[in-house]
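Okay, is everybody in? Let me put the structure up, and then I'll talk you through the parts I picked out.

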Amino acid sequence: MKEYDVLVIGTGTAGRTVAKACVEAGKKVAIADNREFGGTCANRGCDPKKVLVGLSEILDRSQKMMGKGITKMPEFSWEDLQQYKRKFVDAVSAATEKDLKALGIDMYHQSPQFVDENTLSIEGKTVRAKKIVIATGNKPLELKIPGRDLALLSDDFLDLPKLPESMIFIGAGYIGMEFAHIAARMGVKVTMIDMSPRPLTNFDEAIVNPLTQASKDLGIEFIFNAGVSKVEKLQKYFRVSAKQGDKIIEAKAELVFNTAGRVPSIDELDLEKGNVSFTKKGVSVDKHLQNPSNKNVYACGDVSDSEGLPLTPLSSQEAKVVISQLIGKSVKEEATYPPQPSVVFTSPQLASVGLSEAEAKAKGYEIVVEEKKDLNWFNAKRINERHYGYKTIVDKKTKKILGAHIISPEAGEIINLFTIAICSGLTCEDLKAMIFAYPTWGNDIKGMV
């Protein structure tokens with residue numbers, strides 16, 4: 001039986017960060033993953049998606065500038081784009097393993113299963129670890145409907161060898177919306193089905209409504225308030241049936257994708273045998289990211305039931321907290337959660353940070369809300385962008401910025417400036433007094449508060 005000081009489960013940002021820090025502190029460390037080493041973001045998430053988004057943004061800009069300097073739309077090759085994308089992802093797993101091996105970390109290519117609080121079974125072996133760190137991230141939610149195996153997943157979309165004529169997305173969250181915009185801009189007929197009355201329910205309706213209209217203008221068809229009941233294979237197409245009120249809605253397409261959301265990747269771990277408590281959101285943790293029922297277990301990243309959003313930058317922050325518990329630091333760090341910006345990489349983009357209007361009111365703030373859409377500001381006009389808007393929430397008493405919600409071609413960059421402002425406790429006057437380069441998107445934030 002092999003024994004380790006620390007066993008890390010998961011090789012994404014959080015898991016790798018913990019494993020490297022522990023081995024550098026003199027600990028005997030092992031790491032395990034049942035998929036390619038390197039985690040979701042680098043292999044099959046944020047990074048490859050953004051490469052595909054890059055081409056769709058070019059097509060979007062070109063379309064908007066037709067007759068204003070662009071005389072014909074550029075030709076594109078999905079196959080060439082996929083080959084280009086592979087340059088970013090193909091080497092990730094091998095490079096990750098090489099780095100871990102060089103540090104002397106034992107590697108396992110399977111999901112461990114708890115046998116008891118400190119013992120796990122993996123690759124047919126039994127191992128013991130003084131401390132266990134769960135950093136397995138999230139995975140696609142399984143649809144509980146007949147024909148669920150016929151629906152492809154986000155991994156499949158990112159690796160499509162060629163584009164079909166039509167697609168259906170079950171779920172209009174950020175993954176579904178991002179993929180829908182990529183596909184629609186490349187000529188695919190897209191249908192989206194969702195149980196909610198609108199897409200992106202985690203984002204403020206003030207900025208989602210213009211994006212919904214932009215999506216419809218792009219040719220995306222929405223079927224809202226509809227719960228999917230089954231997926232069937234026909235001779236050429238797949239048929240998706242959904243219940244909308246008292247009627248059954250049907251849609252057909254060459255491919256169907258499950259983009260209904262993501263859940264903690266914990267079902268293979270046999271957590272009950274390890275006395276590890278968990279919830280629907282993930283592994284239960286306290287302020288030190290330690291499991292309350294098994295004190296030898298920690299969780300960080302998307303899989304932890306913490307206050308953090310399932311975002312890669314937050315995984316790194318939580319990893320540092322866990323490291324402080326494991327390597328003998330005199331001061332044990334506590335998990336803190338500053339405002340966390342979130343971006344939807346559609347065209348235009350949506351971005352949000354801080355409090356929503358409802359959250360600010362629930363916390364007892366007296367607030368000033370400023371909301372505008374279809375801004376005719378220079379940055380939007382120069383690229384013929386119709387959908388540019390914002391909603392900001394300011395504390396009426398202190399004039400400090402509490403929240404910002406943006407729709408813009410560069411919302412992802414604009415929101416970073418609002419994040420700095422909120423984290424620094426800047427007032428509206430502080431922001432307006434600063435000098436920014438002009439004409440830039442960043443300079444526009446002074447007109448939003």
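Before the helices, one bit of vocabulary: a crossing is called left-handed if the near helix is turned anticlockwise from the far one by less than a right angle, and right-handed if it is turned clockwise. Also, please keep in mind that this is a predicted model.

So, with that in hand, go to helix 3. It passes helix 4 in a right-handed crossing. The angle between helix 3 and helix 4 is about 145 degrees, and their axes are 9 Å apart. Who makes the contact? On the helix 3 side you have P48, V51, L52 and L55, and helix 4 brings W78, L81, Q82, Y84, K85, F88 and V89. Sort the residues of that contact by type and you get nine nonpolar, one polar and one charged.

Look at the numbering on the helix 3 side for a second. An α-helix has 3.6 residues a turn, so residues three or four places apart point the same way. Keep that in your head when you look at P48, V51, L52 and L55, the helix 3 part of the contact.

What else does helix 3 pack against? Its buried residues touch helix 2, at 39-44, helix 4, at 78-89, helix 6, at 154-158, and helix 7, at 174-185. The buried residues of helix 3 include V51, L52, L55 and L59, but K49, D60 and K64 are among them too. For those of you who like a sanity check on geometry: helix 3 covers residues 46-64, which is 19 residues, so at 1.5 Å a residue it should span 27 Å, and the end C-alpha atoms are 26 Å apart, which agrees.

Okay, on to the sheet. This one is open, with five strands in the order 20-21-24-23-22 and antiparallel pairing. Which strands are at the edges? Strand 20, at 342-344, and strand 22, at 367-372, each of which pairs on one side only. Ignoring direction, neighbouring strands here are turned by 5 degrees against each other on average.

What sits on that sheet? Helix 8, residues 205-217, packs on it and touches strands 21, 22, 23 and 24, with its direction making about 5 degrees with that of strand 24. Then there's helix 12, residues 411-423, which lies across strands 20, 21, 23 and 24 and runs at about 175 degrees to strand 24.

Zoom in on the strand 20 edge. Strand 20 pairs with strand 21, residues 349-354, in the antiparallel sense over three bridges, and S342 stands opposite S352 in strand 21. In the loop between strand 20 and strand 21 you find P348. The peptide bond joining S347 and P348 is cis, with omega about 0 degrees.

There's another cis bond to put on your list, from Y438 to P439, again with omega near 0 degrees. P439 sits in the segment after helix 13, which is 428-433.

Next, the hairpins. Strand 11 and strand 12, residues 238-244, run antiparallel and are joined by six bridges. Four residues lie between them in the hairpin, and G227 has K243 in strand 12 as its bridge partner. Strand 12 then pairs with strand 13, residues 247-253, over seven bridges, also antiparallel. In that pair V240 stands opposite A251. This second hairpin has two residues between its strands, and G245 in the turn has a positive phi of about 65 degrees.

While we're on backbone torsions, where do we get positive phi outside glycine? One place is L200, with phi near 50 degrees, in the loop between strand 9 and helix 8. Another is N225, with phi near 55 degrees, in the loop between strand 10 and strand 11.

And are those two residues buried or exposed? L200 has a relative accessible area of 3%, and the cut-off for buried is under 20%, so L200 is buried. N225 comes out at 42%, so it counts as partly exposed.

Last stop is T336, in the loop between helix 9 and strand 20. T336 has 59% relative accessibility, so it counts as exposed. Its C-alpha atom is separated by 30 Å from that of P199, and the two residues are 137 apart along the chain.

That's my tour; go ahead and rotate it yourselves.

Technical notes. Residues numbered from 1 in each chain as written. Predicted model: local features only at pLDDT ≥ 70, side-chain atom pairs only at ≥ 80, totals over all residues. Heavy atoms only, no water. Expected span 1.5 Å × (residues − 1). Buried < 20%, exposed > 50% of the residue type's maximum accessible area, 1.4 Å probe, protein only. Contact = heavy atoms within 4.5 Å. Axes fitted to C-alpha atoms, helices over the stretch in contact; angles between N-to-C directions. Nonpolar A, V, L, I, M, F, W, Y, C, P; charged D, E, K, R; others polar. Pairing = 2+ DSSP bridges.
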